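Please read the following note alongside the sequence and the coordinates. It is arranged as numbered points for discussion.

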Amino acid sequence: MPRVNLSLNEAVYGDLKAEADDKGISVNNLVYSILKDRYGYNGFDILVEFENLKREARAQKGYFSLNALPTFQNLEKKLENTGYPESAAQVRARLGRMFQDAVEKNLVWDIDRAVTVDQDKNEVAKTAARAAVYASKLSDAMKGE
């Protein structure tokens, strides 16, 4: 995928940063979304899907992985016939990164829900998303006993 390197003056960057912060996303994701909208990929809006993902995450009880959320599960279908320039896997990666950024800013749920994993008597710090995967696997394993 081609990359673009931009240089912006402080005023423009400040405006972009403020809008991105309000939406809980990075400036890069905001600029990407603006360019995507400008050049005609309007059949799918990643920012709308990001808001759906945050809403679904807030409704979850206990630990979960993003793959358990309907937004992630239905991406292929939503992307069909839209002309969107990225595959479902690329969109999942982008949404996952956006979600992780939002979690780190405490915009989705409290990151302290999952901080450490005990591994051979050593506590190993994990991201909340990774810890949620481990907690889900542990929960599933305990149900099987």
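The points below pass from the overall fold to the core, an aromatic pair, individual residues and the largest pocket.

1. Status and overall make-up. The model under review is predicted. Its chain has 145 residues, of which 32% are buried. The secondary structure amounts to seven helices and two strands, and from the N terminus the order of elements is α-α-α-α-α-α-β-β-α. The two strands therefore follow six helices and precede a final one, given that elements are numbered from the N terminus. Among contacts between residues at least 6 apart in sequence, 50% join residues at least 24 apart.

2. The nonpolar core. In soluble globular proteins, nonpolar side chains tend to be buried together. In this model the largest nonpolar core comprises 27 residues, and Ile46, Val91, Leu95 and Phe99 are those with the most contacts inside it. Two or more core residues come from each of α1 (10-23), α2 (27-38), α3 (46-58), α5 (75-79) and α6 (88-104). Helix α6 provides the largest share, seven residues.

3. Surroundings of Val91. Leaving aside residues up to four places away in sequence, Val91 is in contact with Phe44, Ile46, Leu75, Leu79, Tyr84 and Glu86. Ile46 is, like Val91, among the residues with the most contacts inside the core. Phe44 and Tyr84, also touched by Val91, are taken up in the next point.

4. The aromatic pair. A pair of aromatic rings is described by the distance of the centres and the angle of the planes. The count in this model comes to one such pair. Phe44 and Tyr84 form it, with 4.9 Å from centre to centre and 70 degrees between the planes. The arrangement is classed as edge-to-face because the angle between the planes is over 60 degrees. The pair links distant parts of the chain: Phe44 belongs to the loop between α2 and α3, Tyr84 to the loop between α5 and α6, and the two are 40 residues apart. Phe44 counts as buried because its relative accessibility is 3%, and Tyr84 counts as buried because its value is 9%.

5. Asn81. Is Asn81 buried or exposed? Asn81 counts as exposed, because its relative accessibility is 81%, a value over the 50% cut-off. Asn81 is located in the loop between α5 and α6. Its phi is near 55 degrees, which is a positive value in a residue other than glycine. The backbone at Asn81 merits a look for that reason, because a positive phi is recorded there.

6. Ser33. This residue lies in helix α2 and counts as buried, because its relative accessibility is 2%. Which residues does Ser33 touch, not counting residues up to four places away in sequence? They are Asp45 and Leu47. Ser33 and Asp45 are separated by 12 residues in sequence and by 7.8 Å in space, C-alpha to C-alpha.

7. The largest pocket. The space in the largest pocket is about 840 Å³. Its lining has 21 residues, and those closest to the pocket centre are Pro2, Arg3, Val4, Asn28 and Tyr32. Helices α2 and α6 are the elements that give two or more residues to this lining. The largest share, six residues, comes from α2. By class, the lining has 13 nonpolar, four polar and four charged residues.

8. Points of overlap. Helix α6 gives the largest share of the core and also gives two or more residues to the pocket lining. Helix α2 likewise contributes to the core, and gives the pocket its largest share of lining residues.

Definitions and conventions: Residues are numbered from 1 along each chain as its sequence is written. This is a predicted model: local features need pLDDT of at least 70, side-chain atom pairs count only at pLDDT 80 or more; totals for chains, interfaces and linings use all residues. Side-chain values use heavy atoms; hydrogens and water are left out. A nonpolar core is a set of buried Ala, Val, Leu, Ile, Met, Phe, Trp, Tyr and Cys residues joined through side-chain atoms within 4.5 Å. Buried means under 20% relative accessible area, exposed over 50%, partly exposed in between (1.4 Å probe, protein chains only). Helices (H or I, at least four residues) and strands (E, at least two) are DSSP runs, numbered from the N terminus. Contact means heavy atoms within 4.5 Å. On a 1 Å grid over the protein atoms alone, a cavity is a set of points where a 1.4 Å probe fits but cannot get out, and a pocket is an open set with protein on both sides within 12 Å along at least five of seven lines; lining residues have an atom within 4 Å of a point. Grid points are joined across faces, edges and corners, and a volume is the space filled by probe spheres set on the points. Ala, Val, Leu, Ile, Met, Phe, Trp, Tyr, Cys and Pro count as nonpolar, Asp, Glu, Lys and Arg as charged, and the others, Gly among them, as polar. Rings of Phe, Tyr and Trp (its six-membered ring) pair if their centres lie within 6.5 Å; planes under 30 degrees apart count as stacked, over 60 as edge-to-face and the rest as tilted.
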